[in-house]
Every structure is written in C-alpha cells, then in structure tokens.
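Please look through the structure below, starting with its internal space and then moving on to its loops and strands.

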Amino acid sequence: MKAQLGMALALVAGLGTAAGAYAQSEAVQPAPTKAEQIFAHKTTAKAAVGQNWDGTLGRLCTVPDNALRKSTGAFTQAIPARETWYAEPYKVFDNLYWVGTKVHSSWALTTSEGIILIDTLWHYANEDEIVAGLKTLGLDPAQVKFVIITHAHGDHDEGARMLQQRYGTKVVMSAEDWTLMDAQPDIPGGRPTRDVVVADGDKVTLGDTSVTTYLTPGHTLGTISLVFQVKDKGRPITVAYSGGTAFNFPKSVERYDTYIASQKKLAKAAADAGATILLSNHSQFDHAYDYARISQLPRKPGQLSPFEVGSDAVGRYFTVSSECAEAQKLDLAP
C-alpha cells in the first residue's frame, strides 16, 4: 500500500513537472513572422476560392500590382486589335444583358421605363459592344436612361460621354469619383458633364426597378458598389455588384485598411440582401465572359444559371478579396 502511494505521488509530481514545462514552452513560443502571417492570409484566401474565385485569387494574391495605371487613374494603352477584345452580347437573365468585351463588362438592366446601364468600356469598344450589342439583343440604346459608373477609370467610364451626348443618358457617379474624373487631363471619348451624384444607401430608380448604391472606397476613393434584383424565368434573385476590384491604388497601410473595410461592408450588404450572384466589371473576377456564353445552353429542370453561385460563394468572394488585401498590407511592413 505504501509502495502504491509512493508511486502515485511520484506520478503526480512528474505530471506537474511536465505540465509546468509545457506551459513554459507555450509561453515562450515566438510570434509569427511577417512571412508566416502573409502565408496564413493567403492560405485562408485560397481555401475560400472553391470553384468560383480562382481568377480573383490570382489577380489579388498572386499578381496584385498594376503597373499601367497613372496616378490620375487613366491607363496608357494603345488600342488593341479588335479580335483580342470583341465579344458577342448575351441575355443572361429575364432583365439583365451582358454587353461587355472579353475582359471588361457592361451590363444592361431593363426596367418598365427604360434601361439602367452599369459601367461602360474603353472608348474604342462602346460602339460595337454597347450600341450595336443592345440592338443585336433587340434593345434600343436610346432607352438607356441612366448609366452608373462604379469608378472613374477609363476601362469603365470612357463610354459615358457618348451615351450622354447621343441619347441624353444621365451619368451617375459618386462625388469623389466625379472629382477624380475632373482631374484627368484627357479622357478618350470625351468628359461627361456632371449629372447625378450618389451617396451611400441611395437608390437609382427607373420604373419598377431600383439599384442601391454603397460607397466602397479602396480601388478609388469614390468607388460605388451595387445591390439589385434580377429575374430568372420570373424568379427574383439578388445581385451584389463589386464596383472596385484590384489593388492598383497608392500603396499604404491606410489605403489597404480602407479597401478591407469596404469589402467587409459590401459582404454584409450582400448577406443582408440574400445575394446569390456576385458580378463585377472584370471577367477575371466573376467569369462573366464565360458564364454569359454558358448561360445560353439549355438547362435541365431545376438547374440554376451559372451566375447564380449561392450566398455562401458570394461571401467567399469577399473572404478572398479581404484576405489577399491583408496579405498585401503586411507585405508593406519592413
């Protein structure tokens, strides 16, 4: 009995010593290095990609810089050969049409009183893709009553002046990006006159349709993102539209923090609205060029549009964008 008690006390003492050593080893674990933290953010982003956001991951985590951008926001770029950018237009939902190029998107949202166009293209593509594209789809470009420009960069705003002059279209933009546009020395396609200024939570309403605007600064300081409904064979579904994507802004911790906050803000707005579709103005981020063509194929009963990725996937898009931004922010540190 005494022997057993002695063994038990020795065991307890041994366990206590081991626990103390374990606690001591835990206490002196070094903090993660910058490289380890960056790797952790990129790993989280990669895990959120699923089958949807491989292009987003590649653009934001693998090749995050854009050397073509000037400080004014304008691109320096020669007009490329037509075959490198031209794409056929497509109807993708009952009331949403894609009239973009192979790289950039413009979207026509039809309403009971005309068309709301979301983003335009480089000036060289507008006649072929937007004007001719709408006509090909049986729509009248003169019925474009509003064009919402999500941010004042040439690949999205250079068609605004043409629509404004030719059809009387009202151009919609944030105050900050109207100012950014005014600061640009030259805009191919012309500078639109200031029409409509929207703020956070405003609605652009035309007939039976409203588009809610959210200020999501980062990509530019006046980037706006959108939430609106479309119909798929009569069934209403909600779209979250990311108005600013890449990290082509002046690099600073503060600017990355602004971008990250905006991604989280739009993620919440999308979740609150029950969005199951994520669109943007670059096919690399949302596969618009591919999905628009795939959506023309016959669907089996109950089969969803390729654009309808589900609320979980929409949320994962913002995980990818914000985690990649966290990684790039850390990379700025010495």
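In this predicted model, the lining of the largest cavity consists, by class, of six nonpolar residues, one charged residue and no polar ones. The lining residues are Trp53, Leu278, Asp286, Tyr291, Pro306, Phe307 and Val309. Asp286 is the charged member of this set, since Asp is classed as charged. How many cavities of 30 Å³ or more are there? The count comes to one, and the largest cavity has a volume of about 30 Å³. Empty space of this kind is revealed by rolling a probe the size of a water molecule over the atoms.

The next stop is a pair of loop residues. Ile187 sits in the loop that links helix 7 (175–183) to strand 7 (196–198). Is Ile187 buried or exposed? Its relative accessibility is 7%, so Ile187 counts as buried; the cut-off for that class is under 20%. Leaving aside residues up to four places away in sequence, Ile187 touches Glu158 and Met181. The C-alpha atom of Ile187 is separated by 9.6 Å from that of His153, a residue 34 positions away along the chain.

His153 also appears in the surroundings of Thr220, a residue in the loop between strand 9 (209–215) and strand 10 (224–232). Thr220 counts as buried because its relative accessibility is 3%. With residues up to four places away in sequence left out, Thr220 touches His151, His153, Asp177, Leu180 and Arg255. For Asp177 there is also a polar contact, at 2.8 Å, between its side chain and the side chain of Thr220.

The two strands on either side of the Thr220 loop are themselves paired: strand 9 and strand 10 run antiparallel and are joined by four bridges. Within this pairing, Tyr214 has Ser225 of strand 10 as its bridge partner.

Strand 10 also pairs with strand 11 (residues 235–241), again in an antiparallel arrangement, through seven bridges. Here Val227 stands opposite Ala240 of strand 11. Strand 10 and strand 11 form a hairpin with two residues between them. One residue in the turn, Lys233, has a positive phi of about 55°.

Why is strand 10 described as largely enclosed by the rest of the structure? Seven of its nine residues are buried, and the description therefore follows from that count. Strand 10 thus has strand 9 as one antiparallel partner and strand 11 as another.

Note on methods:
Residues are numbered from 1 along each chain as its sequence is written. This is a predicted model: local features need pLDDT of at least 70, side-chain atom pairs count only at pLDDT 80 or more; totals for chains, interfaces and linings use all residues. Side-chain values use heavy atoms; hydrogens and water are left out. Buried means under 20% relative accessible area, exposed over 50%, partly exposed in between (1.4 Å probe, protein chains only). Contact means heavy atoms within 4.5 Å. A polar contact is a pair of N or O atoms within 3.5 Å; within protein, one must be able to donate a hydrogen and the other to accept it, and residues adjacent in sequence count only if both atoms are side-chain atoms. Two strands pair if DSSP finds at least two bridges between them. On a 1 Å grid over the protein atoms alone, a cavity is a set of points where a 1.4 Å probe fits but cannot get out, and a pocket is an open set with protein on both sides within 12 Å along at least five of seven lines; lining residues have an atom within 4 Å of a point. Grid points are joined across faces, edges and corners, and a volume is the space filled by probe spheres set on the points.
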